[in-house]
Each structure stands twice: as structure tokens, then as C-alpha cells.
Amino acid sequence: MKDIAQRAGVSESAVSFALNGRPGVSEITRDRVRRVAEQLGWRPSTAARALSGEGAATVGFVLARPADTLGVDSFFLQLVSGIQEILAERHLGLLFQMAEDVDDECAVYRRWWAEHRVDGVLVADPRTADPRPDLLDELGLPAVVIGGAPDERHPGLSTVWADDAGAMASVVDELYARGHRRIAHIAGLPGLAHTERRIRALRAEAARRGLTEVHSVTTDYSDAAGAAVTRRVLEVAAPPTALIYDNDVMAVAGVAAATELGFSVPADVSVVAWEDSALCRMVRPWLSALSRDSVEFGRTAAQELTALLDGGPARTVRVPVPRLIERDSTGPARV
């Protein structure tokens with residue numbers, strides 16, 4: 001600040017007023033100080049901003065999932081890419097941390113709030129009985145819930161959501177049209193709101209069509225679980241003719257497991273993956289998949305959070321419904 005003051009020909013207090021947007025200096029002086037600061041490469045100190053109550057210039061993101069399930073998860077990699085793209089435009093940092101469970105995640109929020117570490121947070125994997133929204137409201141920490149329910153309202157929390165029920169209905173419509181009446185859904189983690197929405201949607205679609213041999217099995221999203229559950233559901237007297245997987249990793253593992261058991265895809269069993277990715281095009285046959293712009297999903301979540309940080313109201317924003325891309329892994333049911 002002393003260097004800026006000397007070069008701009010003003011006092012250090014004038015520099016402070018100008019750079020912090022406070023009254024007390026003319027607009028001409030403010031512009032001159034900012035130009036000199038830019039020339040000298042000055043940037044505000046994050047620590048000093050936090051101590052003065054001006055913010056940490058950092059956004060937090062905690063993920064309470066088994067760490068070994070994220071290494072090949074294309075959705076989260078793309079989601080974070082979209083988030084980072086928007087934060088970089090605003091010169092905001094991203095503080096990422098893994099947590100053992102939701103209780104541990106809540107403890108992280110309390111610690112970040114007490115230490116003024118973040119200005120707001122992005123919340124993933126909403127639960128059916130979720131303590132996090134109430135806690136964040138209590139702390140007054142701005143947040144965006146990624147994948148939350150559209151009917152939930154919290155004063156300081158925005159929600160960005162996708163229509164999981166509509167996406168599941170589109171998959172069942174296509175499989176039913178191809179003659180499939182026995183369908184198994186290899187689902188993700190139990191207790192996650194989007195897992196439960198997909199399970200409920202599948203049940204509703206089955207009931208609407210009078211299908212009695214349709215069910216869901218929850219997993220931890222890993223390839224090992226996807227393969228194990230695939231073997232279990234296929235090793236029965238009347239196995240399903242179609243399998244719906246909640247991510248691409250499990251779908252690829254499921255195709256391998258089915259092939260080992262002597263099933264041909266799609267002649268004996270059709271396969272649909274929930275998340276489209278390059279992985280779906282690295283296996284034979286190429287996998288039919290629900291596709292969405294996960295990077296744009298991340299951008300939208302980050303934009304909603306920066307809007308909250310700018311003093312905007314909490315909002316509920318819907319992203320486009322994932323669309324089914326049909327490839328070689330789906331075909332007519334064998335009679």
C-alpha cells in the first residue's frame with residue numbers, strides 16, 4: 001500500500017479507501033489508485049480479508065463418499081471442471097475436502113465457519129433425511145445444493161436440480177417399447193435423494209404398466225459392486241432382460257460380468273448407463289446411456305453460489321433432463 005501511495009501521489013489511507021470500495025476519495029483518485037495497483041500486480045490478501053470480515057475469496061466443497069469410488073467417476077470430474085471455470089473468472093479459490101460421512105461433513109462446515117475459511121459452500125449428494133441445510137441456515141453460510149429437491153426451501157440456500165424421475169421414465173419407455181418386462185436397476189448409494197427418486201420413479205413406471213418383475217438394488221457406485229450385483233441378479237431362473245446402472249463405471253463392469261456368465265449384450269440382456277462418458281464408448285458393445293452436460297451443471301451451481309455471495313436471493317434452478325442416447329447395448333427383449 002505504501003508503494004501504491006507513493007506512485008499514485010496519495011496517502012496510504014486514500015489507497016485503503018480506494019481499493020476497498022469505501023467512501024472518502026473521489027472517483028478520479030479511486031481510478032488512479034486502481035490503475036497503479038494493477039501495474040504493480042497488487043492482489044488483496046485472503047487472510048487480511050477474512051480477519052476484517054470482508055470474506056475469504058474461497059468456496060468450499062466437501063464430499064462424503066468413499067474415496068476409492070471417485071477415481072474413475074467422470075461425473076464429478078466434469079462437475080468440478082465447470083465449478084472451477086466460473087470461480088476462476090471471479091478469482092475465487094476452491095477448497096475441496098473428503099469426509100467420512102455426513103456428520104463429519106457438518107463438522108467441517110462448523111470449523112470453516114468459525115475460522116472464516118470460506119464465503120460459501122457447494123453441497124453434493126443431498127440425503128433423504130439431511131441435516132446439512134438446517135445447519136448451513138443456522139450458520140448463515142451461503143450454499144448451493146447440487147441435485148436437491150425442487151420443493152425444499154431454505155432462506156440462504158439455492159438448489160440446482162435435474163429431473164431424475166423424468167430421465168428414468170424415458171429409459172423405461174424405451175425398454176418397454178422394445179419388449180422388456182423384467183428390468184433390474186443397479187442403483188447407487190442408499191439414502192441419497194437422487195437414488196431414492198430414481199427408485200421411486202422406476203416403481204411408478206412399473207406399476208403404471210403392470211410390470212411385476214422390476215426392482216432396484218443399491219450399491220456403493222464402484223465397479224466391484226456393479227459386477228457383484230450383476231452376477232446376483234442374472235443368476236436366477238428368470239433373469240432380467242434389461243439392466244439400468246446408476247453410473248458408467250458399474251455399467252462397464254456389469255457388461256463384463258454378464259459376458260463371463262455367458263450372457264450376450266444385447267441379445268440376452270440390454271444395458272443402459274445413467275452417465276454417458278468416454279468409458280461408454282471404450283467397451284464392446286458401445287453402451288446406451290443417459291447424457292447430460294455435467295460441466296454445465298457445475299457452471300450453473302457455481303453461478304448460483306456467486307449470485308448468493310453478491311447478495312442475491314436463494315433460487316431453485318432446473319437443468320435440462322438427461323437424454324437417452326441409444327447405442328449397441330440395447331435391443332429387443334428375447335422372448
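Select helix α5, residues 74–89, in this predicted model, and you will find that helix α5 lies across four strands, namely β1 (58–63), β2, β3 (120–123) and β4 (143–146). If you compare directions, helix α5 runs at about 170° to β1. Next select helix α12, residues 294–309, which packs on the sheet and touches β1, β3, β4, β5 and β11; the direction of helix α12 makes about 160° with that of β4.

With both helices hidden, turn to the strands themselves. In what order do the six strands of the open sheet follow one another? Going across the sheet, you pass β2, β1, β3, β4, β5 and then β11, and the pairing is parallel. The edges are formed by β2, residues 93–98, and by β11, residues 316–318, each of which pairs on one side only. As you move from one strand to the next, the twist averages 20°.

Stay at the β11 edge and select strand β5, residues 157–161, which is joined to β11 by three bridges, the two strands running parallel. Here Trp 161 can be shown together with Arg 318 of β11, since these residues stand opposite each other.

Now select Arg 197, which belongs to helix α9, residues 193–209. Is this arginine buried or exposed? Arg 197 counts as buried because its relative accessibility is 14%, which lies under the 20% cut-off. Display the side chains of Arg 197 and Asp 164, and a polar contact of 3.1 Å appears between them. Apart from neighbours within four places in sequence, the residues in contact with Arg 197 are Gly 147, Gly 148, Ala 149 and, once again, Asp 164. For a sense of scale, draw a distance from the C-alpha of Arg 197 to that of Ala 99: the two are 24 Å apart in space, while 98 residues separate them in sequence.

Finish with the cysteines, among them Cys 106 and Cys 280. Cys 106 counts as buried because its relative accessibility is 6%, and Cys 280 is likewise buried, with a relative accessible area of 0%. How many disulfides does the structure hold? The number is zero, so a search for such a link anywhere in the model will return nothing.

Technical notes: Residues numbered from 1 in each chain as written. Predicted model: local features only at pLDDT ≥ 70, side-chain atom pairs only at ≥ 80, totals over all residues. Heavy atoms only, no water. Buried < 20%, exposed > 50% of the residue type's maximum accessible area, 1.4 Å probe, protein only. Polar contact = N/O pair within 3.5 Å; in protein donor to acceptor, adjacent residues only side chain to side chain. Contact = heavy atoms within 4.5 Å. Pairing = 2+ DSSP bridges. Axes fitted to C-alpha atoms, helices over the stretch in contact; angles between N-to-C directions. Disulfide = S-S within 2.5 Å.
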